[in-house]
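Work through the exercises below with the sequence and the structure side by side, and try each task before reading its solution.

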Amino acid sequence: MKMFVVLFAVVAAAAAGSPGYGPTPAVRAAAAAAAPLPLVRILESESHSDDQGGYGFRFLSEDDIERQEQSADGTVTGSYSYRAPDGRLISVRYVANALGFRAENDALPTPVPTEYPTPQVPSTEATPSVRTVQQYSAPAERPAVRQPAVEYEPVYSYRAVSQ
């Protein structure tokens with residue numbers, strides 16, 4: 001029983017002294033000093049679901065964010081829109097099904113063309129003004145030079161071994 005009490009005391013002391021996970025005190029102080037985010041009201045909201053797994057929802061907030069999505073037969077379609085900082089309305093439409101997720105919008109990049117150069121994208125390769133030619137020529141053969149053989153004479157030295 002004494003061993004259990006000692007083990008419990010050691011574990012409790014280690015847990016109390018460990019810093020733990022979470023933000024550092026400086027981060028907590030900065031977060032407390034930061035201004036709270038303004039609350040945005042939802043102006044319109046509707047949703048529905050059915051017994052076959054289909055669903056749909058739509059909402060509109062007072063800061064001009066609108067989102068809608070519906071699903072039926074494993075295909076999800078939807079859209080969302082928001083106001084950009086410059087005041088433009090950005091709208092994105094998407095479909096997700098067995099072929100993957102596909103989004104479309106005028107601001108999104110278009111697929112990479114498969115044939116180059118395309119009429120819309122002129123070739124960026126400049127015509128070289130100097131033509132370089134790389135050639136390789138093998139070095140001339142040298143006559144083989146024979147080195148004289150070195151004579152080797154083994155040297156044996158024996159010494160008597162006492163037994």
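**Exercise 1: Aromatic rings**

Ring pairs join Tyr80, Tyr94 and Phe101 into a cluster, in a model that is predicted. Task: state how many aromatic pairs the structure holds, and classify the pair formed by Tyr55 and Phe57 as stacked, tilted or edge-to-face.

Solution. Begin with the count, which is three aromatic pairs for the structure. Next, take the rings of Tyr55 and Phe57, whose centres lie 6.4 Å apart and whose planes meet at 10°. Rings pair if their centres lie within 6.5 Å, and planes under 30 degrees apart count as stacked. The pair of Tyr55 and Phe57 is therefore stacked.

**Exercise 2: Exposure**

Task: decide whether Tyr55 is buried, partly exposed or exposed, do likewise for Phe57, and then give the share of buried residues in the chain.

Solution. The class between buried and exposed runs from 20% to 50% relative accessible area. Tyr55 has a relative accessible area of 27%, so this residue is partly exposed. Phe57, with a relative accessible area of 24%, is likewise partly exposed. For the chain, buried residues make up 10% of its 163 residues, while the accessible surface comes to about 15,800 Å², with 58% belonging to carbon and sulfur atoms.

**Exercise 3: Elements and contacts**

Task: give the order of the secondary structure elements from the N terminus, and find what share of the contacts with a separation of 6 or more joins residues 24 or more positions apart.

Solution. The chain has two helices and six strands, and from the N terminus these elements run α-α-β-β-β-β-β-β. Turning to the contacts with a separation of 6 or more, residues 24 or more positions apart account for 3%.

How values were computed:
Residues numbered from 1 in each chain as written. Predicted model: local features only at pLDDT ≥ 70, side-chain atom pairs only at ≥ 80, totals over all residues. Heavy atoms only, no water. Helix = DSSP H or I, 4+ residues; strand = E, 2+ residues; numbered from the N terminus. Buried < 20%, exposed > 50% of the residue type's maximum accessible area, 1.4 Å probe, protein only. Contact = heavy atoms within 4.5 Å. Areas by Shrake-Rupley, 256 points an atom, 1.4 Å probe, with all protein chains shown as cover. Phe/Tyr/Trp six-rings, centres within 6.5 Å; stacked < 30°, edge-to-face > 60°.
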